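Let's take a walk through this one together. Have the viewer open and follow along.

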Amino acid sequence: MRRALVFCIVAFCCISVQAADKPRAVQPTPPNIVFIMSDDHAAHALRCYGNKIISTPNIDRLAGQGMRFTMALGVHSLCAPSRAVLLTGKHSHLNGMTGNFTRFDGAQQTFPKLLQAAGYETAIVGKWHLGYAPPTGFDYYKIMRGQGAYYDCKFLETGKDWHIEKGYLTNVITDTSIDWLKNRRSDKPFCLMVHHKAPHGPYDHELRHAKLFEDLTIPEPDTLYDDWSTRDPLRTGKYPPSKMLDGSWPRENYQPFLDSVPNDRRARISLLYQMLFKDYFRLVVSLDENVGRLLDYLDQAGLNENTIVIYTSDNGFFLGEHGLYNKMWMYEESLKLPLIVRYPGVVKPGSVNDDLVCNLDFASTFLDFAGAEVPADMQGKSIRPLLLGERPADWRQSVYYHYHGAYDMPEHYGLRTKTHKLIHFPKYGDGNYWELFDLDNDPRELHNIYDNPAQAERVAELKAELKRLHKTLNDE
Ligand SMILES: [Ca+2]
């Protein structure tokens, strides 16, 4: 007995020393998952991703404690399709959500259902945006109707009918998430998905933030007045959901101010830019504060040890780059996601990863960490090795993107490698319009070099890769 006790003490000490010396490869029990996803939050609207104007100390704190990804991409830059990609680990053509208003088949395989089968308790709070039917795969849900409203939002909650909750939405979502954590009685590992509406429009900020940035002039991106030369669909098409002056921002908020300046495109874009993005940043500040509240609660409740915390957004966003507001296009600001992952003892604090990852990968990653089998028909890859600081030799060299054409935007698909981007607009013109960008030499994507004879070999190589992706992803 005594010998067994001594052995246990020695073994425990060894484990403790090992834990202190280097990250643990295996956790003793399946980790909890707290997945925080905002809506339309551009990575470059975070201080830790290089924004010099806005202060985001709480999300930055998470980045300091975990791994920040610089090449995290969304495979379909639009709210509802992105959520379906997240849940199913499949591209839109397979999960059926090709636009914001197509029907999501809640009976299909999703990772929350598979986590439940693996012994997890699952919950979702906030934006669902996949129809009005109760979410499937969750032991608890409290979701907004469609886009929801920033003030006094209506919710559908487990065991209750639609009802209004007083208050500011970002605070309500955080309060509900913390209450769920406080009140849960299960000893199962859990997966809590916290889906904020912020900073999606309309830009109804918290009243206490009304004066933030008031006396500031936000520096303009140097592509704000882009003439779209060499990018024909942008130059020749109207596409009002995406262009600064035509955008789907709340017209009643900004139009009277625009009408007060001379009818000059540049002057109007300049004015709108300041109004629009000051409001957007106000929403991000509120979001960051609420992420901080949730992180503080996890610390207080001792839930920071064996819990993976993720911060991301459903899609990127143009902050005036290319004269655009919104997302949808495959250009960098819309394509790239903020992605931060904290997992104490496993993920090296303050680390940065530049590998190509995408939002297809969440489902496989969570199942992998849960010790559950990843179904062969899921199309993402578990990023667990990357989080452990290891890069598999066969890690992907390209990510496939397909915007299916919702909101009368041009359908386009393509691929991004670490250095290049190839885009095809299959229904534009004669159906043979392509764009190629050399992202090392032209990171702002101003020069479409597809027709440059010197690029012929590169084009052939990327087209072969696109063909391979179409085949392997079953999107032919
Ligand atoms: Ca969105």
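Which residues coordinate the calcium ion, and at what distances? Keep in mind that this is a predicted model. The donors come from Asp39 (OD), Asp40 (OD), Cys79 (SG), Asp314 (OD), Asp314 (OD) and Asn315 (OD1), sitting at 2.2 to 2.8 Å. If you're wondering about the geometry, the 6 donor atoms subtend angles of 51 to 151° around the calcium ion, so the arrangement counts as irregular.

Now look at where those donors sit along the chain: their spacing reads D-D-x38-C-x234-D-N. Asp39 belongs to the loop between strand S1 (32-38) and helix H2 (57-65), while Asn315 is in the loop between strand S9 (307-313) and strand S10 (318-319), so this pair ties together parts that are 276 residues apart in sequence. As for exposure, Asp39 and Asn315 are both buried.

Next, scroll on to a sheet. Here 4 strands line up as S15-S16-S17-S18, forming an open sheet with antiparallel pairing. The edges are taken by strand S15 (399-403) and strand S18 (433-438); each has a single partner strand, so one side of each has no neighbour in the sheet. On average, neighbouring strands here are turned by 15° against each other, ignoring direction.

Zoom in on one pairing. S15 and strand S16 (residues 412-416) run antiparallel to each other over 5 bridges, and Tyr400 has Leu415 in S16 as its bridge partner.

Finally, what lies across this sheet? That's helix H13 (residues 456-472), which lies across S15, S16, strand S17 (420-425) and S18 and runs at about 110° to S16.

Note on methods. Residues numbered from 1 in each chain as written. Predicted model: local features only at pLDDT ≥ 70, side-chain atom pairs only at ≥ 80, totals over all residues. Heavy atoms only, no water. Donors = N, O, S within 2.8 Å, 3.2 Å for Na, K, Ca; no water. Tetrahedral: all angles 85-135°; square planar, octahedral: opposite > 155°, others 65-115°. Helix = DSSP H or I, 4+ residues; strand = E, 2+ residues; numbered from the N terminus. Buried < 20%, exposed > 50% of the residue type's maximum accessible area, 1.4 Å probe, protein only. Pairing = 2+ DSSP bridges. Axes fitted to C-alpha atoms, helices over the stretch in contact; angles between N-to-C directions. Contact = heavy atoms within 4.5 Å.
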